[in-house]
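Work through the exercises below with the sequence and the model open. Each task is followed by a solution in steps.

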There are 2 protein chains.
Amino acid sequence: MKRVGDFTYELEKKCYITGKSVLVGEKEKTGTFKKYFCDSVTDDKMGEKTFEKGERRMLFEIDKMALKDAGLKSSDVSLYLGGDLMNQIVTSNFVAEKLQIPFVGIYSACSTLTASLGVGAMLIESGGFENILCSTISHFSSAERQYRYPLEFGNQRQCYSQWTVTAGGAFVLSTNKSNIIITKICFGKVQDYGVIDIANMGAAMAPAAYDTLKNFFTDTNTEPKDYDMIVSGDLGKLGSDILRDMLLKDGFDLGQNYMDCGHSIYLFEEESYQGGSGAGCSASVVSAYILEKVKQGVFKKVLVVATGALMSTVTNQQGDSIPCVAHLVQIEKV
Amino acid sequence: MKRVGDFTYELEKKCYITGKSVLVGEKEKTGTFKKYFCDSVTDDKMGEKTFEKGERRMLFEIDKMALKDAGLKSSDVSLYLGGDLMNQIVTSNFVAEKLQIPFVGIYSACSTLTASLGVGAMLIESGGFENILCSTISHFSSAERQYRYPLEFGNQRQCYSQWTVTAGGAFVLSTNKSNIIITKICFGKVQDYGVIDIANMGAAMAPAAYDTLKNFFTDTNTEPKDYDMIVSGDLGKLGSDILRDMLLKDGFDLGQNYMDCGHSIYLFEEESYQGGSGAGCSASVVSAYILEKVKQGVFKKVLVVATGALMSTVTNQQGDSIPCVAHLVQIEKV
C-alpha cells in the first residue's frame, strides 16, 4: 500500500468484494430501491421480545447471507469487523459470539460501513488475511428509543430531521477474485462546526464529508467528474445540499453523478423528512444498489463516503456540539 | 505479515513503539505502581464541570504526552486508533476532533489497548503508514455512573467486584526505530460462558483470555515459560485465578511469569475488592511498567492479553449474559 498525498492510501494488492448481503425493514422495502432490496422483514422484532434482540437476529441473518453469497463458512473467515449504533455496539458483539470469527469492533456511527471496509481492505493488503467479513446495521425502533424518545411518546419531528433506517449490509473482503475491488481509502478527520441540534444530523455531518472529499480530490488530483458515481452516506436532502455548496466553493462540482443514500432511500410520500439515516442506510444502498451497478458495469469507478455523527445522549445533555467524521473508499469494476 | 496456525499473525516488517504516555488518578498513583506512574491528576474533573469532560481533557493530555515522547507533532501522525468506555466512545471522538488526525474508533471495552495496538501494527505492516497513535482511557466516576449507579447513591459492592481505574495510556506505533517492537498478534473470538452478573467481570472475561491464549500457544507451538511475562488486562484476582485454572487443565501452566494488571494495580489496603478494571487499567500498567521493563531488558519477550466485557446496561436489563473478548499482542525488546 502506498500513501497518495496527505490522507489517501492506494492499495497495491487487490482487495476483492466476493460476497454481499442486505436485509431491510418494511418501510425501506417500499422505498426507492424496492427492486434492489430483495430480502426484507415484516416483523422488526424478528420474533424476539425486544427491538434490540430483533436487531441482533437481523444482523446475524445478514452476516450469514454474505458468507453464503461468498460461498464461505464462518470458519473460512479470519476476521470480523463492524459495529452498530447501540451503546457498546452490542448488536455486533453478540453476533460475533454466534459467528465465532475473531472480532474487532469498530465504532464510527453511520460511517461504520466505510471505516470497516477501509480497515478491512488495508488488513487484506498487509498479507495475513484471506477473507474478512465487514457488517453494520441500524434499527429504527432500538435507535429511536436509545437516542431520542420512547416510541410510545409519539414526539413531533422537526422538518430537518431524518428517519433511522431499519436495514443492514454485510460484505466479504477477500484475496479471492471477483469483479469488484477496493482501490483507494481515505480516513477522515473529525469535524465539528458547532451544530448542537441532534435532530439536524445533515448539517452536522456535511462538513465531515466535505473535508474528506476535498482531501481525497486534492491528494489524487482528480475531480468529481472523474467518477461514475459519488455516494454519501446519510446526509439527507439538507445535508447533501450543504455538501454540494461547500465543495462548489472550492471548485469541486458534484454535478449529476452524486447521490446521498439517506436522501434517496425513501419515497417522498413515505414522510421521512430529510430522508434516512443510520449505519444501515449506506450499508444497504451500497450493498444492494451501488455494488449491483458496479457488477453490471454501469458504474465503473465509485466513491463511497459514509458520514457519522459521533455524539452521545450525554454529550448532548451536557451542551456539547456534534463531532462528525467521514471515511471514503473507492470501489471499481475489474 | 503471515498467518501462523489458525488465529495468530506474525509481522514481517518491524513495527516499533516509539512513544508512550500514561496519566492516572489519585487512587492509582498511591497503588502498586506509584514509582512508575510519574504523571497523575488530583482533580479527576480536570477543572471541568463534569467527569465526562474531565476524562476527555485527561485523554487529550495523554495523547499529547505520547506524541511529545515520540518527538512528533499531531500532523506527523497519519492515523489515530482508539476508544474508551463511554457510550459511543465519545471521549476519544472529541479528542480526535482536537488532534485533527484521521481517526477510526475501536470499541472493544477493556481490551481496547490490544485491539488498537493489533490493528495499528497490522496497518503499519500494510505499508502506507509511518506513525499511528493508539490510546485508551477509563474513568471511575464517569464509568460508574454510566454503567452502574449514581455516585451519590453509595451502593454496597459485592466482594467479587472490581474498581474502574481512572487512568489512560497512549502509544505511538512507527516505522521509525526504537528498542521495543510488536511481533505477533492474535485477535480473539467472543466468548460467552453465561455469566449474567455485571459485578463479576473477572469470571465473565476469564474464558475469553483463556481462549485467546490457548489459540496463541497452540498456533505458535509455545508455552507460558517461553515468555518473560504474560500480562492480562483486568481480570482481577478472581478472574486471573480462573484463567490459571482453565489453562492448567489444558497443560499450560502460567507459573510465576504471569500478572494481571487489574489484580496488581491497587494495594490491598486500598479496598478495591478483586482489583482494578477499565480500559485504562492495562493501558496504564503496560505503558508505565511493562514497557519500561522491556526497554530496560528485564523482560525481553512479553505477551499482553487485554480482556473486554462487551455488554451494555440494556443487554443486562434484558437478561442477556456477558459476551467477552481478549486480544493478544506480543511485544519484544530489540
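**Exercise 1.** Find the bridge partner of B:Ser138 in S7(B), then describe how S5(B) pairs with its neighbours.

Solution. Step 1: B:Ser138 has B:Ala167 as its bridge partner in S7(B). Step 2: strand S7 (residues 167-174) of chain B pairs with S5(B) in the antiparallel sense, over eight bridges. Strands here are DSSP runs of E of at least two residues, numbered from the N terminus, and two of them pair if DSSP finds at least two bridges between them. Step 3: strand S3 (residues 79-84) of chain B pairs with S5(B) in the parallel sense over six bridges. There, B:Tyr80 has B:Leu133 as its partner.

The model is predicted, with local features needing pLDDT of at least 70 and side-chain atom pairs pLDDT 80 or more, while totals for chains, interfaces and linings use all residues. Residues are numbered from 1 along each chain as written, chains are lettered from A and ligands numbered from 1 in written order, and side-chain values use heavy atoms, without hydrogens and water.

**Exercise 2.** Are the faces of S5(B) covered or exposed?

Solution. Step 1: in a regular strand, side chains alternate between the two faces of the sheet. Step 2: one side of S5(B) carries B:Asn131, B:Leu133, B:Ser135 and B:Ile137, and the other B:Ile132, B:Cys134, B:Thr136 and B:Ser138; all are buried, covering both faces. Buried means under 20% relative accessible area (1.4 Å probe, protein chains only), exposed over 50%, and partly exposed in between. Step 3: for S5 (residues 131-138), that is eight of eight residues buried.

**Exercise 3.** Which rotation superposes chain A on chain B?

Solution. Step 1: a rotation of 180 degrees with 0.0 Å of shift along its axis does so (RMSD 0.0 Å), by least squares on C-alpha atoms of residues with pLDDT of at least 70 in both copies. Step 2: the two copies are therefore related as by a two-fold rotation axis. Step 3: within chain A, A:Ser126 comes closest to the rotation axis, its C-alpha at 2.0 Å.

Methods: Helix = DSSP H or I, 4+ residues; strand = E, 2+ residues; numbered from the N terminus.
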